[in-house]
Amino acid sequence: MKGPNEKRKIVCVLYDDPVEGYPPKYARDSIPTLAAYPDGQLMPSPSGIDFSPGDLLGCVSGELGLRSFLEERGHKFVVMSDKDGADSAFEKELVDADVVISQPFWPAYLTSERIAKAPELKMAITAGIGSDHVDLQAAIDKNITVCEVTFCNSISVSEHTVMMILALVRDYIPQYDWVIKGGWNIADAVARSYDVEGMSIGILGAGRIGFAVLKRMKPFDVELHYTDRHRLPAEVEKEFELTFHEDVESLVQACDIVSIHCPLHPETEHLFDQKLISRMKRGSYIVNTARGKICDRDAVAKALETGHLAGYAGDVWFPQPPPRDHPWRRMPHHAMTPHTSGTSLTAQARYAAGVREILECWFDGKPIRDEYLIVQGGKLAGAGAHSYSEGDATGGSDEAVQFKTKDQ
Ligand code: NDP
């Protein structure tokens with residue numbers, strides 16, 4: 001067991017730099033400064049930061065702005081993108097790592113097998129929200145602390161979700177394509193285009209993101225529905241004219257658009273299977289910016305092909321990166337993005353600062369904020385105890401290696 005002042009090895013897995021080099025030419029010179037999160041939660045509050053908010057921090061050269069802070073304290077900081085497969089740089093560096101930092105957009109899957117290869121590992125930090133890439137059961141069993149930067153990108157994701165709802169229902173992408181193709185094919189372009197006004201929108205998981213989506217969709221004059229493990233206060237339901245459903249089956253039958261915002265944990269894995277999707281009205285839309293594995297990959301593709309679903313959008317896949325022949329890349333009527341909603345330049349400034357805050361607390365033996373904790377002391381803790389269930393949702397993540405090995 002290392003003492004408080006001993007040097008640590010921090011292994012950080014980040015996505016690749018831009019193909020045209022780092023840093024990119026930024027479109028804007030600054031980002032807005034926010035005083036607090038919408039519920040009053042304090043913004044990340046490290047003792048300092050060594051980056052300019054608005055910088056690209058989530059790629060390898062961005063290093064989450066942590067290098068000088070860590071090296072000044074004498075720690076070893078290793079950053080890489082090569083994360084999948086037994087011969088990856090991550091597996092090699094993991095063997096003597098004290099801390100692993102990873103982003104859900106390019107997750108370093110910490111399976112029980114990998115955790116077994118890392119006897120020094122004390123902490124796994126998610127630079128973002130959603131720690132399902134860590135086998136939480138193994139972290140519980142091995143007394144590894146798991147934390148994430150709660151709220152850092154919740155509003156970012158809610159904005160992306162609203163964009164996707166509109167893109168699907170109004171059928172934006174094919175219309176954009178007609179412009180690029182040099183056409184003016186209005187009949188083709190509007191053949192699947194509807195107004196959102198008057199539709200019923202259902203939110204699964206009315207937490208930070210789900211509630212922000214409800215709030216943002218209200219001015220569209222839609223009917224708002226939700227289900228959650230904990231019901232919102234009656235005055236909130238009244239103010240936003242929300243209809244609560246006891247379960248997801250009831251929610252999906254009542255809605256035209258269903259947007260998924262619960263974490264991935266054993267209770268929600270493959271929740272949207274063929275059976276649940278078949279209960280949705282013909283012509284429904286699903287937006288999933290939560291986690292790819294909450295939906296059954298083949299059931300979604302099939303429902304789009306048969307026309308039972310009118311559209312599917314989201315930015316989350318399983319595994320990540322998905323193989324180049326993943327059916328969601330080419331299924332009809334989709335509006336998928338790579339996992340980008342929570343890693344806007346604006347969000348990166350918050351989660352980079354949040355990771356530094358967590359590290360400062362840990363090095364200095366101070367408590368980490370309760371809202372950042374997922375696992376601590378051999379059990380679910382803080383935000384994790386509220387929103388997750390025990391167990392493992394990393395099964396199948398070893399297939400992520402196909403992105404780099406499989407013939408394209
Ligand atoms: P919150 O914890 O604020 O909200 C999650 C909500 O889901 C909670 O209200 C929770 O209920 C609810 N929930 C959990 N399990 C169930 C269930 N079985 N049925 C119904 N509701 C359930 O988190 P956020 O809103 O900030 O984030 C939600 C998820 O979005 C993250 O876990 C992550 O997977 C994903 N995410 C995606 C990002 C992206 O870039 N695409 C970025 C950030 C997050 P309760 O707490 O009441 O038990």
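Is Arg73 buried or exposed, or does it fall in between? With a relative accessible area of 36%, Arg73 is partly exposed. Keep in mind that you're looking at a predicted model, and let's use this residue as the way in.

The side chain of Arg73 meets that of Asp364 in a salt bridge, at 3.0 Å from N to O. Now find the two partners in the chain: Arg73 sits in the loop between helix H1 (67-72) and strand E2 (76-80), while Asp364 sits in the loop between helix H14 (345-363) and strand E13 (373-376), so this pair ties together parts that are 291 residues apart in sequence. Asp364 counts as partly exposed too, at 39% relative accessibility.

That pair belongs to a bigger set, since the whole structure has 21 salt bridges. Try Lys83 and Asp84 next, whose side chains meet at 2.9 Å, N to O. Lys83 has a relative accessibility of 1%, and because buried means under 20%, Lys83 counts as buried. Asp84, at 7%, is buried as well.

Then there's a mixed case. Glu371 and Arg369 form a salt bridge through their side chains, 3.0 Å from N to O. Here Arg369 is buried, with a relative accessible area of 14%, whereas Glu371 is partly exposed at 25%. Salt bridges can also join up: Lys9, Glu93 and Asp96 are linked in a network of them.

Now for the empty spaces. Rolling a probe the size of a water molecule over the atoms shows where empty space is left. In this model, two cavities of 30 Å³ or more turn up.

The largest cavity holds about 120 Å³ of space. Its lining is made of 15 residues, and the ones nearest its centre are Pro107, Tyr109, Asp132, Arg291 and Trp317. Sorted by class, that lining has seven nonpolar, five polar and three charged residues. Where does the largest cavity sit relative to domain 1 and domain 2? Domain 1 (9-152 + 344-404) and domain 2 (154-329) both contribute residues to the lining, so the cavity lies between them.

The second largest cavity has a volume of about 40 Å³. Among the residues lining it are Ser131, Asp132, Leu264, His265, Tyr388 and Asp392. By class, this lining has six nonpolar, three polar and two charged residues. Both domain 1 and domain 2 give residues to this lining as well, so the second largest cavity also lies between the two. If you want one residue to look for here, pick Asp132: it is one of the residues nearest the centre of the largest cavity, and Asp132 also lines the second largest.

Definitions and conventions: Residues are numbered from 1 along each chain as its sequence is written. This is a predicted model: local features need pLDDT of at least 70, side-chain atom pairs count only at pLDDT 80 or more; totals for chains, interfaces and linings use all residues. Side-chain values use heavy atoms; hydrogens and water are left out. On a 1 Å grid over the protein atoms alone, a cavity is a set of points where a 1.4 Å probe fits but cannot get out, and a pocket is an open set with protein on both sides within 12 Å along at least five of seven lines; lining residues have an atom within 4 Å of a point. Grid points are joined across faces, edges and corners, and a volume is the space filled by probe spheres set on the points. Ala, Val, Leu, Ile, Met, Phe, Trp, Tyr, Cys and Pro count as nonpolar, Asp, Glu, Lys and Arg as charged, and the others, Gly among them, as polar. Domain bounds come from an automatic or database domain assignment. A salt bridge is a side-chain nitrogen of Lys or Arg within 4 Å of a carboxyl oxygen of Asp or Glu. Helices (H or I, at least four residues) and strands (E, at least two) are DSSP runs, numbered from the N terminus. Buried means under 20% relative accessible area, exposed over 50%, partly exposed in between (1.4 Å probe, protein chains only).
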